[in-house]
Amino acid sequence: MKRLSLFNVVSLTIGFTFLYLPIVLLVIYSFNAGRSVAVWGGWSTKWYGSVFENQQLLDAAWITLKVGVLSASVATILGTMAAIALARHGRFHGRTLFSAMVYAPLVMPEVITGLSLLLLFVALNMDRGFWTIVISHITFTMCFVAVVVQSRLSSFDRSIEEAALDLGCTPFMTFFRITLPIILPAVISAWMLAFTLSLDDLVIASFTTGPGATTLPMKIYSDVRLGVKPEINAICSLMVAVVTFAVVIASVLTKHQEVERERAERLAANAP
Amino acid sequence: MSAKALGPVRRKFAPWNDPSAVPLIKIRDVSKAFGSFTAVNNVSLDIYEREFFALLGPSGCGKTTLMRMLAGFETPSAGSISIAGEDLAGTPPHKRPVNMMFQSYALFPHMSVEKNIAFGLEMDKLPKGEITARVEEMLKLVKLETFAKRKPHQLSGGQRQRVALARSIAKRPKVLLLDEPLGALDKKLREETQFELLDLQMALGMTFVIVTHDQDEAMTMADRIAVMNHGQFVQISPPAELYEQPVSKYVADFIGDINLLEGRVTKNERGHIVLGSEVTGGRIESLGETVAGLGDKAWFAVRPEKVSIDLQPPNDPTVNTASGTVWDIGYVGDISVYHVKLDNGGTMRASIANTRRVVERPISWEDKVFLTWAPDSGIVLTK
């Protein structure tokens with residue numbers, strides 16, 4: 001193992017302190033026995049208990065989960081389709097423009113995305129609520145999916161698909177029997193990414209929601225304005241756990257495949 | 001793949017000389033353009049049943065494009081392709097009676113060896129029992145019985161190559177297309193596999209069309225070779241004819257090593273040609289025919305192994321003789337190649353089989369030598 005220089009140690013420490021100190025504090029204070037957020041009153045898990053008795057919070061969490069699963073699933077399908085069109089079907093007219101346009105929502109300020117969606121729903125005279133949140137989450141997570149899947153497809157050996165066609169498989173079946181299984185890890189991690197993005201979103205949801213559809217981030221945000229309770233810390237810590245879990249699974253899935261593959265290839269190369 | 005004496009069969013096989021033979025594959029006036037680049041330029045070709053046909057040429061000569069048009073991955077810009085009398089225009093790849101072995105092998109990484117081989121058979125909706133039997137047969141044929149459950153990434157390069165082969169012949173296609181099938185193997189394995197492929201082709205009675213840039217590969221395996229350049233066929237001949245009777249300097253130079261001696265025709269009588277050459281400083285006499293007229297520029301092409309090298313001048317040094325100094329000696333093991341700087345400028349090569357273990361060479365660097373050849377050892381080329 002290479003030893004880190006003093007400079008590297010210092011930069012790592014500062015960097016990671018910036019990144020994780022707030023979250024660590026949040027998690028620690030979620031175990032605070034006292035009512036105050038600022039004063040430590042000993043260890044306790046009672047706030048976690050009270051989270052599960054707070055029906056409003058649970059409702060919000062349930063809505064968030066439904067929005068997340070639904071929007072991530074649809075976004076994954078649409079994003080994968082867009083990625084395939086962009087990565088595959090040669091040089092159709094305006095391909096470069098479309099490729100660039102897929103990336104645009106990544107850098108678009110959320111306020112603008114939220115506002116423009118709101119205007120759209122108003123113009124269409126749609127009742128705002130659960131479904132409008134789902135639609136807007138599909139809109140803004142789809143491009144992340146497209147980018148992730150497209151980068152996987154760019155390293156995809158096309159002759160594998162051609163081999164399937166050559167062996168008598170129709171183009172449609174080739175996608176499901178050959179292409180999809182091979183890019184599946186990328187598609188799953190794209191889903192995870194879309195899911196966590198949807199889970200965390202406050203701004204776009206606030207713009208596009210209506211009565212009866214309060215997501216967890218919105219609920220937390222409105223509660224905090226009335227004063228931070230340790231209960232909020234507890235629910236936030238739970239969200240951190242869920243998001244961390246999803247991200248870790250997604251990256252382990254891709255990493256594990258790569259490592260396994262490399263190891264097997266090394267073994268095979270030494271075989272006669 | 002057992003060794004069988006295939007000589008008698010191979011020797012007699014020449015349907016392209018039989019006017020009544022019906023070709024299996026007919027390629028007629030086919031062109032393919034990508035934008036402004038013409039990859040294949042108006043070619044026609046007949047390939048016969050059970051033939052082992054090689055498309056040979058440098059990269060970018062259009063050989064792969066032509067093969068991909070046979071497989072259906074590219075559509076000809078003009079012309080027609082038919083197999084067994086059936087025009088293939090508009091037939092998508094998955095409905096063509098050909099299978100292809102890809103250069104990258106293109107194995108399905110998420111399927112085991114047996115699943116890979118069974119894939120094409122499943123697509124044909126064969127009964128389960130038949131698929132199992134056929135897969136077993138294929139595994140046995142390529143000697144991979146013990147690897148049936150492995151995934152492609154758990155195999156060596158040579159094993160993957162054999163899986164790719166097994167998968168492409170499992171459906172028993174009329175025509176098997178092989179795109180640089182041995183390109184990724186090391187030399188030793190490649191040479192073994194060449195003969196295995198030959199045996200296999202004979203045993204299965206299939207028509208093989210192979211694309212390669214490796215002339216040794218084409219020469220060893222093919223019944224006929226089409227040399228391609230700039231999207232066109234330069235020559236289509238059996239290997240020996242290609243080597244001994246190239247139609248142009250390009251073919252002569254592309255296949256093996258050759259000395260090209262420039263001269264002017266001073267005599268062209270039936271079967272006897274004489275060139276006056278400044279390179280040799282004398283006459284070059286050759287047997288054979290040429291279209292060149294008197295005074296025309298022509299080249300005498302002679303292979304290095306047909307040139308003798310000697311320290312003593314021949315009886316008549318004005319005929320079929322070039323003198324010079326040994327400039328370099330390339331020792332390849334089985335042969336030594338002498339690079340001789342000619343007195344009149346230019347260089348010639350002579351290769352001598354090393355029939356004994358040489359420690360002291362009789363001819364060494366800087367020696368004054370005489371290169372000679374027989375009148376029937378070369379050919380006169382006009383282009």
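## Chatting through chain B and its contact with chain A

Student: Let's begin with contacts in chain B. Of those between residues at least 6 apart in sequence, what share joins residues at least 24 apart?
Tutor: That share is 65%. Keep in mind that we're looking at a predicted model.

Student: Fine. And how much of chain B is buried?
Tutor: Of its 383 residues, 40% are buried.

Student: What does the C-alpha trace span along its principal axes?
Tutor: For chain B, about 75 × 50 × 40 Å.

Student: How many helices and strands does chain B have?
Tutor: Nine helices and 20 strands.

Student: Let's talk sheets. What's the strand order in the open five-stranded one?
Tutor: In chain B that order is 13-12-11-14-20, with antiparallel pairing.

Student: Why do strands 13 and 20 of chain B each have one side without a neighbour in the sheet?
Tutor: Because they stand at the edges: strand 13 (282–287) and strand 20 (378–381) each have a single partner strand.

Student: And what's the average twist?
Tutor: From one strand to the next, the twist averages 40°.

Student: Back to strand 13 of chain B. How many bridges does it make with strand 12?
Tutor: Six, in the antiparallel sense; strand 12 covers residues 272–277. To pick out one pair, I273(B) has S286(B) in strand 13 as its bridge partner.

Student: Switching to domains. Where are they in chain B?
Tutor: Domain 1 comes in two segments, 7–97 and 173–249, while domain 2 runs over 257–381. The five-stranded sheet's strand 13, at 282–287, and strand 20, at 378–381, both belong to chain B too.

Student: What separates the centres of the two domains?
Tutor: Taken over C-alpha atoms, 34 Å lie between the centres of domain 1 and domain 2 of chain B.

Student: How many residues are in contact there?
Tutor: Four from domain 1 of chain B, against five from domain 2. On the domain 1 side, that's one nonpolar residue, two polar and one charged.

Student: OK, now the contact between the chains. How many residues does each one put in?
Tutor: Chain A gives 22 residues and chain B gives 21.

Student: Which elements of chain A give two or more residues to the side touching chain B?
Tutor: Three helices of chain A: helix 7 (158–166), helix 8 (171–200) and helix 11 (230–270).

Student: And how do the residues on that side of chain A divide up?
Tutor: They split into 14 nonpolar, three polar and five charged.

Terms used: Residues are numbered from 1 along each chain as its sequence is written. Chains are lettered from A and ligands numbered from 1 in the order in which they are written. This is a predicted model: local features need pLDDT of at least 70, side-chain atom pairs count only at pLDDT 80 or more; totals for chains, interfaces and linings use all residues. Two strands pair if DSSP finds at least two bridges between them. Helices (H or I, at least four residues) and strands (E, at least two) are DSSP runs, numbered from the N terminus. Axes are lines fitted to C-alpha atoms, for helices over the stretch in contact, and angles run from 0 to 180 degrees between N-to-C directions. A residue is buried if 20 or more other C-beta atoms lie within 10 Å of its own, exposed if 12 or fewer, and partly exposed in between; C-beta atoms are placed from the backbone. Two residues are in contact if their C-beta atoms, placed from the backbone, lie within 7 Å. Ala, Val, Leu, Ile, Met, Phe, Trp, Tyr, Cys and Pro count as nonpolar, Asp, Glu, Lys and Arg as charged, and the others, Gly among them, as polar. Domain bounds come from an automatic or database domain assignment.
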